[in-house]
Amino acid sequence: MILNHPIPTDCTARAAALYWDAFGPKLGKTLGPKSRGIAFTTRVFDPTHGISAHAPDGTLLGVAGFKTSKGALVGGGFSDLKAIFGTFGALWRAALLSLLERDIENERFLMDGIFVSPKARGLGVGTALMQALFAEGQARGYREIRLDVIDANPRARALYERLGFVAIKTDTLGPLRHVFGFSTSTTMVKPLTDA
C-alpha cells in the first residue's frame, strides 16, 4: 500500500466519487442528486488537506482528510454551492450544512472524514490512513486528534475505539435526523503521544 500526502491531483474525480459513496447517505438530501453532489465535491476538494492510500498499481483505496485554519478536504463556500445549485439552492443548502460545521481548535488536530473503497474494506486501509493522520498531527505539533462519528456508522466507531479514541460528547440532531439520516454525532479524541 502506498500513502500520499498531498493526494495526487489526478485522483480528485475518483476521490470525490468515493466520498459520495461514503457520505451520500448523510448528505444526499442536502447536496443531491448524486451527480451534483459529486460535482460539488470535485469542485471543492483540496488534496493538500488529505492523505490517500493506493494499491501498487495506482488504484485509489481510500482517503483520510483533515481540517485546519487554511481549509479542509471538502470545504467550499457559498459561491461554490451557487455554481452547482444556483442562488436559491445555495441559500437553503448553506443553512443546512452550517449545522454540520465543526470548528477547529488549537489543541486538537481535526480529522475531516475517512472513506475506503468498498473493495478495500477489511484490508487495513482505514487503520493505515488513521496512522498517517496521527503522524501528520504530531508533525504539526498537536497533542491530540479529534473526530466526530455518527450513530449510523458503527463500523467506523469500532475502528476508532480499537485505535484508542474515547468519546467525550454526543450531540443529538432532533428533527433534523430526517434530513441527514442519523440521530447523533459523537465527538471522540485520542492522545497523539501514544499513537
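This dialogue works through the helices, cores and single residues of a predicted model.

Trainee: Where should I start with helix 1, and how far does it span between its end C-alpha atoms?

Mentor: Compare the span with that of a straight helix. For 20 residues a straight helix would cover 28 Å at 1.5 Å a residue, but helix 1 spans only 18 Å. Next, look for the place where the axis turns. In helix 1 a kink of about 90° lies at glycine 24, shortly before proline 25.

Trainee: How does helix 3 compare with a straight helix, and where does it bend?

Mentor: Helix 3 covers residues 78-98, which is 21 residues. A straight helix would reach 30 Å, yet the end C-alpha atoms of helix 3 are only 11 Å apart. The bend in helix 3 is about 125° and sits at phenylalanine 85.

Trainee: Which residues of these two helices are buried?

Mentor: A general point on helices comes before the lists. An α-helix has 3.6 residues a turn, so residues three or four places apart point the same way. In helix 3 the buried residues are Asp80, Leu81, Phe85, Gly89, Ala90, Arg93, Leu96 and Leu97. Helix 1 has a list of buried residues that includes Thr12, Ala16, Tyr19, Trp20, Phe23, Gly24, Leu27 and Leu31. The kink residue of helix 1, glycine 24, is thus itself buried, and so is phenylalanine 85, where helix 3 bends.

Trainee: What covers those buried residues?

Mentor: For helix 3, the cover includes helix 1 (12-31), helix 2 (34-44) and helix 6 (177-180). For helix 1, the cover includes helix 2, strand 3, helix 3, strand 5 and helix 6.

Trainee: At what angle do helix 1 and helix 3 pack, and which residues meet?

Mentor: Read the angle and the axis separation together. Here the angle is about 115° and the axes are 10 Å apart. The two helices are therefore roughly perpendicular to each other. On the helix 1 side, Leu27, Lys29, Thr30 and Leu31 take part. They meet Leu81, Phe85, Trp92, Arg93, Leu96 and Leu97 of helix 3.

Trainee: Which residues of the largest nonpolar core touch the most other members?

Mentor: The background is this. In soluble globular proteins, nonpolar side chains tend to be buried together. In this model the largest nonpolar core has 27 residues, and Leu129, Met130, Leu133, Leu147, Tyr160 and Phe165 touch the most other members. Two or more residues each come from strand 2 (50-54), strand 3 (60-68), strand 5 (108-116), helix 4 (125-139), strand 6 (144-150) and helix 5 (154-162). Helix 4 gives the most, with six residues. Apart from this core lies another, of 24 residues, among them Leu27, Leu31, Phe40 and Leu81.

Trainee: What is methionine 130 in contact with, beyond its sequence neighbours?

Mentor: Leaving aside residues within four places in sequence, methionine 130 is in contact with Met111, Ile114, Leu147, Leu159, Tyr160, Leu163 and Phe165.

Trainee: Is phenylalanine 180 buried or exposed?

Mentor: Use the relative accessible area, with under 20% as the cut-off for buried. Phenylalanine 180 has a value of 1%, so phenylalanine 180 is buried. This residue is found in helix 6. Not counting residues up to four places away in sequence, phenylalanine 180 touches Pro25, Lys26, Thr30, Leu96, Leu100 and Leu173.

Trainee: Is lysine 67 buried or exposed?

Mentor: Lysine 67 counts as buried, at 16% relative accessibility. Lysine 67 lies in strand 3. Outside its sequence neighbours up to four places away, lysine 67 touches Ala72, Glu101, Arg102, Ile104, Leu110 and Asp112.

Trainee: What about glycine 71 and proline 191?

Mentor: Both fall in the partly exposed class, with glycine 71 at 21% and proline 191 at 32%. Glycine 71 is in strand 4 (residues 71-72), and proline 191 is in strand 8 (residues 184-191). Not counting residues up to four places away in sequence, glycine 71 touches His49 and Phe66, and proline 191 touches Arg143 and Glu144.

Trainee: Where are the cis peptide bonds at proline 6 and proline 33?

Mentor: Check omega. The bond joining histidine 5 and proline 6 is cis, with omega about 0°, and proline 6 is in the loop between strand 1 (2-4) and helix 1. The bond from glycine 32 to proline 33 is also cis, with omega near 5°. Proline 33 lies in the loop between helix 1 and helix 2.

Key: Residues numbered from 1 in each chain as written. Predicted model: local features only at pLDDT ≥ 70, side-chain atom pairs only at ≥ 80, totals over all residues. Heavy atoms only, no water. Helix = DSSP H or I, 4+ residues; strand = E, 2+ residues; numbered from the N terminus. Expected span 1.5 Å × (residues − 1). Bend = angle between axes of the 7 residues up to and from the residue. Buried < 20%, exposed > 50% of the residue type's maximum accessible area, 1.4 Å probe, protein only. Contact = heavy atoms within 4.5 Å. Core = buried A, V, L, I, M, F, W, Y, C linked by side-chain atoms within 4.5 Å. Axes fitted to C-alpha atoms, helices over the stretch in contact; angles between N-to-C directions. Parallel < 35°, antiparallel > 145°, perpendicular 65-115°, else oblique.
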